[in-house]
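Welcome! Here are some exercises with worked solutions to help you find your way around a new structure. Take a look at it first, then try each task before reading on.

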Amino acid sequence: MNNPLGRSTQKPEQQTQNNQKNNRAKEFEKQLQEEERMLAQSAGIINNTQQTNIQQQQPAYSQQQQLNQQPQSVFGQIGQMLDAPRKLFFRNTTTQQQPIQQGQRQPTDQNEPEIIQTNIVQTYTTRDIKSIGLEIVQPGEIALQELRGICSISTQQFQGIIVATNYQIVFLPDKFPKDFRKDYFYIPYTLMIKVEKTMDRKQNDANFIEISCKDGRWFKYRFLKEQNDDCNSIFNVINKNAFTLNKQTLFAFTFYKEYSNLENDYQGWKIFNIEKDFERMGINILQENSQNQNGLFKYLNNENGIICSTYYNRLVVPAKADLDCIQKTAKFRSKERIPILSYAFPINGKVISMWRSSQCRTGIGQNRSTEDECYLKYMSFQTVDEQENQYEDKEIRLRIYDARPHINAIGQQVAGKGYENTLFYRRCSIDFLDIHNIHKVRDSQTKLLKAAFNENVQFLSQLEQSQWYDHIVAIIKGSAKIAITMTKEKINVLVHCSDGWDRTAQLTALVSIMIDGQYRTLEGFMILVQKEWINSGHQFCQRSAIGNKQNNEDSRSPIFLQFLDCVFQMQQLYPLSFEFNEKLLLDLAYHHLTSLFGTFLCDSFLEIQKQRIMEQTVSIWSWIMKQKDKYMNAFYKNPQSIDQDVIIPESFTGKSITFWKGYFLYYSLESNDAYQIHPQCQYTCDNLQEMYKSLSKENHVLRQAQKDQEKLAILHQQKFNQLMQIIQETQNEEIIEKLQTIKLI
């Protein structure tokens with residue numbers, strides 16, 4: 001027999017070895033059929049008659065013999081064929097008993113048992129990625145390997161094809177289960193958190209690849225022992241792409257090469273302009289080189305991180321703080337993250353401001369910095385001509401909100417850090433908001449996702465034990481407390497946690513949303529995330545575990561997802577106050593982990609600049625602006641005054657919580673509706689504005705068609721009149737008599 005490469009592989013001395021392989025294949029076939037029968041019987045989906053039919057099926061072992069006669073692997077040939085765009089050297093796997101078109105998906109009947117067939121013929125062919133059957137293909141995505149196997153999910157098994165592309169792993173079941181979402185089997189590499197390869201130690205006749213995802217999904221792929229080389233190859237492809245330490249190999253850079261016109265058209269990387277943002281707030285800020293001292297705030301040059309390497313390249317600081325004071329304050333703050341202006345609003349001739357920073361370096365010995373104390377004094381000023389001695393010593397002019405539990409802040413003193421001692425910071429008070437650290441949040445998410453994908457647990461009790469929403473309540477209550485201090489007590493605030501890039505970003509962003517309606521618009525929310533998260537140094541790369549080695553869990557934590565859940569809670573409380581809908585939050589929750597865009601690939605703005613991310617990747621804001629209609633809330637009411645503009649949930653408790661089913665149960669089969677509406681639903685169809693636009697277009701088309709018909713009728717009448725006039729002028733008595741007979745004259 002000749003293999004597809006044209007070389008004869010059958011030799012006389014191999015016959016004995018092939019017979020042994022055939023025997024093992026027969027045993028493997030029987031074992032799989034028995035496992036499938038027991039699995040189906042335990043799930044209650046087959047009856048005794050069906051079991052008898054299954055046992056009577058005879059496998060075609062001739063196909064396995066053909067498999068044994070082929071070489072173990074030709075995956076090395078793939079690299080020679082990469083020059084052909086979107087076409088590669090593939091393994092084409094079909095069965096002789098029931099040839100199935102690859103990529104074809106048919107809904108399965110749960111009452112019908114699915115037989116897992118393993119007698120497979122391997123052939124090699126050149127395939128176009130679109131012909132494989134992938135329904136979701138990104139620009140620039142190419143397939144690297146295609147391999148047939150069995151995918152296990154909980155108690156269900158599916159036979160199909162595993163396709164490894166340069167962006168994701170996709171499993172294409174031969175019969176797609178009707179209860180599953182279309183993207184259930186699509187796994188972008190950076191969405192993977194753990195990948196393991198194991199063997200069947202009992203029978204030693206199968207290989208397994210197990211993949212755990214950051215959104216809670218879990219997959220186990222099973223391959224024949226004869227596919228060992230190919231299994232190793234696809235395992236290496238996954239590891240190389242999922243846990244790369246080189247950002248330049250991430251798919252975002254390939255995506256930009258194919259889709260750079262999107263960034264050119266919408267300029268998402270330029271959505272935030274610090275001067276325009278503060279001008280919109282009505283805040284006057286002096287330029288860096290300005291000689292005018294008549295102001296509360298001034299810009300500070302931070303190019304190349306000369307003051308702080310994790311901040312934006314331009315900062316807003318108190319106008320009265322000179323460079324020496326700023327530099328010494330930076331040394332007294334963790335990671336040199338000095339207090340910078342986050343948000344402010346003018347009222348009654350004063351300016352109420354919110355600042356953000358990291359913790360100070362007080363240590364156990366209660367170290368002091370007169371420059372830091374002076375810096376905070378300047379932050380408390382609300383007017384240009386304000387004097388320190390015009391207020392009583394006990395009057396609070398600046399309230400410090402430490403996001404941490406008090407005991408944790410005390411513990412930081414052992415490491416030479418800590419919190420502000422109000423004995424030294426005059427007219428300042430400090431409150432602790434009792435929000436837990438990244439490790440507690442990661443543990444809570446792990447428990448919640450385990451409950452969401454486990455069919456054998458008491459979900460509500462597991463949800464409570466995860467304490468996920470205890471954290472959400474603490475964040476929203478803390479944000480509301482800060483917003484009340486600013487809007488009702490008219491006191492300036494400083495917000496910080498440990499390093500000022502996790503809990504601090506959550507609080508300052510939520511306070512901005514509560515106070516300023518602009519940040520509840522689609523454009524304003526994008527600007528807010530860019531300003532408070534990306535430009536202010538949230539470590540997206542470490543928190544999302546992108547560009548890290550496998551099992552490096554210490555820095556990973558769903559801090560940004562936690563913030564999105566808080567925004568979702570606000571949407572449920574104030575459904576008329578947000579211009580954008582839940583779909584925006586879901587897409588951000590998904591794509592900040594996928595490495596499709598460059599927006600979330602780095603830990604600071606300086607890192608974005610040094611690695612030239614803006615020049616080589618697409619911003620997610622460009623992608624959102626292109627399809628912004630689907631993110632619009634039909635019930636949005638634009639605020640007309642400051643009274644309507646401020647939304648503060650002053651009495652937010654656990655009773656105010658709405659479980660974010662759209663995210664945590666998105667892939668859960670138990671949460672799907674019985675009418676199977678969700679695969680057909682689009683947010684644009686549910687959006688009344690979209691429906692109105694669609695109906696308007698239809699009405700326009702109908703009105704235009706009616707006008708065309710009227711014009712056509714008039715034209716026909718004119719032609720008919722002309723014809724009758726010609727007939728009468730010719731005086732043809734025979735024609736005139738016939739026309740009179742049919743009463744046309």
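**Exercise 1: the two sides of a helix**

Which residues are exposed on the other side of H7, away from its buried residues?

*Solution.* Keep in mind that this is a predicted model.

Step 1. Find the buried residues of H7, the helix at residues 274–281: they are Ile274, Asp277, Phe278 and Met281. These residues span an arc of only 90° around the axis, which places them on the same side of H7.

Step 2. Recall a general rule: an α-helix has 3.6 residues a turn, so residues three or four places apart point the same way.

Step 3. Now turn to the other side of H7, where Lys276 and Glu279 are exposed. Exposed here stands for over 50% relative accessible area, and buried for under 20%.

**Exercise 2: the cover and the ends of H7**

Find out what covers the buried residues of H7, and look at what happens where the helix begins and just after it.

*Solution.* Step 1. The cover includes four strands, S10 (285–286), S11 (297–301), S12 (314–318) and S13 (340–347), together with helix H15 (522–534).

Step 2. At the N-terminal end of H7, Asn273 acts as a cap, with a side-chain oxygen 3.0 Å from the backbone nitrogen of Glu275.

Step 3. Just after H7 comes Gly282, whose phi is positive, at about 85°.

**Exercise 3: three strands from the cover**

In what order do S10, S11 and S12 stand in their sheet?

*Solution.* Step 1. The order is S10-S11-S12, in an open sheet with mixed pairing. S10 and S12 are at the edges with a single partner strand each, so one side of each has no neighbour in the sheet.

Step 2. Look at one pair: S10 and S11 run parallel and are joined by two bridges. Here Ile285 is opposite Phe297 in S11.

**Exercise 4: an enclosed strand**

Why is S3 largely enclosed by the rest of the structure, and with which strands does S3 pair?

*Solution.* Step 1. Count the buried residues of S3 (residues 143–153): eleven of the eleven are buried, so the strand is largely enclosed.

Step 2. Follow S3 to S4 (residues 156–165), its antiparallel partner over ten bridges. Cys151 is opposite Phe158 in S4. The two strands make a hairpin with two residues between them, and Ser154 in the turn has a positive phi of about 55°.

Step 3. S3 also runs antiparallel to S9 (residues 218–224), through three bridges. In S9, Lys220 is the bridge partner of Ser152.

Methods
Residues are numbered from 1 along each chain as its sequence is written. This is a predicted model: local features need pLDDT of at least 70, side-chain atom pairs count only at pLDDT 80 or more; totals for chains, interfaces and linings use all residues. Side-chain values use heavy atoms; hydrogens and water are left out. Buried means under 20% relative accessible area, exposed over 50%, partly exposed in between (1.4 Å probe, protein chains only). The arc is that of the directions from the helix axis to the C-beta atoms. Contact means heavy atoms within 4.5 Å. A polar contact is a pair of N or O atoms within 3.5 Å; within protein, one must be able to donate a hydrogen and the other to accept it, and residues adjacent in sequence count only if both atoms are side-chain atoms. Two strands pair if DSSP finds at least two bridges between them.
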